[in-house]
Amino acid sequence: MMCNWLLFCLAFGTSLTEARQGGLDPLAQGGLDPLVQGYEAGLANLAAAPDDEPYNYEIDYSNTDWEGISTPKCGLEIELMDVQKVSKPNQIRLSYTGDPTEMSLMWTTNGVSVGRDTWKELVVYGLVEGDLNYTAIAVYHQYTFPREAGMDPYKSGYIHEALLINLIPGRIHFYQIFSNGEESDVIQFVATPDHGSDTPLSFMHIGDVGIFGTSVMVTNDMIENTKKKQYHGVIHCGDISYANKYNASRPANAEQGVWDTWGKMVEPLGSKMPYMVVPGNHELDVYDSTNENNTIYTKRFTMPGNERYYSYGVGMVHFVAVSTDESIDPQSTQGVWLDRKLEYLNKHRDIWPWVVVFQHRPIYNSNKNHGNWSGTNNYTEIGYEMPVYEGWPHDYEATILRHNVDIVMSGHVHQYERTWPIRERNVFTKSYEDVKHPIYITCGHGGKNLYRYEWGTDNDAFIPEAPFSAARDNVNWGHCEYEFIDRKTVRHLMYKMGSSEPDEEILITKSRASSIAISILLPLSIFFANIMMS
């Protein structure tokens, strides 16, 4: 929700040193003062649970026996969190803004601080854990959403947004939230590496997650991996929470509590590194008024630009998000934007040698259930006319080929698939030497039912002959990762759910900015040998 709220944040970056000179110090010994009002006394404004008993919602990430899981079925959703009973800052998530000196931060509470001062909801941050000497003031909003007939409408918590500025690119920072008479832990994150920096980078890639038992297990795998190395972000390629109405596990209306539960589930990731999203059809579908129609996506996330399609740079990589549920032909707003953006990036490969596009629907996949995205759905809801989005896939592919995009990430198809470097459907190579075409990687096996079988049959959903497909898996849930090692080398990994070791490791190299090549890793010794020779 990157709009008017930035105009209100005139106090962003105010040093706590200045505040302390005026007698205001939220970290002072012996109690908290009006800057962080009411934090010592605390909870008078909080909404107590109806039975006045403590409410403690936790997700058991160690559980591997969730109800109903039977491949390819993901089973039932986990218990929903009641956001109106959670007073502490929750659903904490960072996101990139495109400026290496900034970071966006969101969180939710069931109330807000009260009192005469305007310094109410804030985050303190800095380079030293024990001296968080900068302050960012948050703005917040709530929304309601209809439930089934006879039920009270859903009322969201207070969704807060704050902007951290004056960060040192690439450096470790710390922050702590003071909100609703409560405080968060002190949390560590890494600021955006500066544009053009040669800092090695690691990212996670996920899609089609939800709040199923399988979703929790895949998320747990990702959390465990963060204990082994530093990551610079998560890229979620749409179909995020499945809160919208078209889900057999709930009644007809969208259930907004699913968003709260999903936000809580991914908090161990999003609170420590930017969690970047692009809308999928379950966020954007326009069927009828009980669906979300993109309205909730913009309330729940703070992404750059218009939040549906946008771009941001992280060190030597520039990411471009594309909305697949909108037209992208040369006459469309998105099509014009994408062409100009990629043209600019291709002229600045000295800064961003890697250009990566991420989106929801793939234009290359070999599963019968969705097919290659062509701008119109291959399934319909009775009584609703599906829109047609122009420019998919031909105008879109022509644009990314013209500007030498390196990798295209997607979700939507509930499986894992990696193509050979390819162009124009049938032109691809298996030699992997000085290849000049994009690689398409679908990571849509993040939690929802897998597309193991063709809809309505017991037949395998895979197209038998798919020569452009280098690897595919529709029987395992999991997630993907990318390690940008240097300006010519990136390693792609795919983890199956429950495994601490990658099932697939692919070394992607390019001899110049406009071309890429791939070497499939067999023993790890080959990987290290290639690095030493590069």
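This is a short dialogue on how to read some features of the structure above.

Me: Before we start, what kind of model is this, and which residues count for local features?

Reply: It's a predicted model: local features need pLDDT of at least 70, side-chain atom pairs count only at pLDDT 80 or more, and totals for chains, interfaces and linings use all residues. Residues are numbered from 1 along each chain as its sequence is written, and side-chain values use heavy atoms, with hydrogens and water left out.

Me: Okay, sheets. What is the strand order in the open sheet of four strands?

Reply: The general idea is that strands of a sheet pair through backbone hydrogen bonds, either parallel or antiparallel. Helices (H or I, at least four residues) and strands (E, at least two) are DSSP runs, numbered from the N terminus, and two strands pair if DSSP finds at least two bridges between them. Here, the four strands run in the order β2-β3-β9-β6, with antiparallel pairing. At the edges you'll find β2 (90-95) and β6 (139-141), each pairing on one side only. On average, neighbouring strands of this sheet are turned by 20° against each other, direction ignored; axes are lines fitted to C-alpha atoms, for helices over the stretch in contact, and angles run from 0 to 180 degrees between N-to-C directions.

Me: Inside that sheet, how many bridges join β3 to β9?

Reply: Seven, with β3 (residues 103-109) and β9 running antiparallel. Try finding Thr109, whose bridge partner in β9 is Tyr158.

Me: And what is the order in the open sheet of seven strands?

Reply: That one goes β16-β17-β18-β19-β23-β20-β24, and its pairing is mixed. β16 (310-314) and β24 (469-473) each have a single partner strand, so one side of each has no neighbour in the sheet. Neighbouring strands here are turned by 15° against each other on average, direction ignored. For a parallel case, look at β18 (residues 354-358) and β19, joined by three bridges; Val357 has Val408 as its bridge partner in β19.

Me: Is Ser410 in β19 buried or exposed?

Reply: Buried means under 20% relative accessible area, exposed over 50%, and partly exposed in between (1.4 Å probe, protein chains only). Ser410 has 3% relative accessibility, so it counts as buried. Its side chain makes a polar contact with the side chain of Thr442 at 3.0 Å. A polar contact is a pair of N or O atoms within 3.5 Å; within protein, one must be able to donate a hydrogen and the other to accept it, and residues adjacent in sequence count only if both atoms are side-chain atoms. In strand β20 (residues 416-419) you'll meet Glu417, which is buried too, with a relative accessible area of 1%. Glu417 and Ile441 are 24 residues apart in sequence, yet 5.8 Å apart in space, C-alpha to C-alpha.

Me: Which backbone spots should I look at for cis bonds and positive phi?

Reply: Most residues other than glycine have a negative phi, and most peptide bonds are trans. In this model, a cis bond joins Thr71 and Pro72, with omega about 10°, and Pro72 sits in the loop between α2 (16-21) and β2. Another cis bond joins Trp392 and Pro393, with omega about -5°. As for positive phi, Asn404 has a value near 60° and lies in the loop between α8 and β19. His412 has phi near 70°, in the loop between β19 and β20.

Me: Last one: how many salt bridges are there?

Reply: Side chains of opposite charge can pair when their charged atoms come close. A salt bridge is a side-chain nitrogen of Lys or Arg within 4 Å of a carboxyl oxygen of Asp or Glu, and by this rule the count comes to 19. One of them pairs Asp406 with Lys510, the closest N and O atoms being 3.2 Å apart. That pair links distant parts of the chain, 104 residues apart, and Asp406 and Lys510 are buried.

Me: Which residues are linked in a network of salt bridges?

Reply: Lys229, Glu481, Glu483, Arg491 and Glu505. Within it, Glu483 and Arg491 meet at 2.6 Å, N to O, while Arg491 also reaches Glu505 at 2.8 Å. Arg491 belongs to strand β26 (residues 489-496) and Glu505 to strand β27. Arg491 counts as buried because its relative accessibility is 11%, and Glu505 is buried at 17%.
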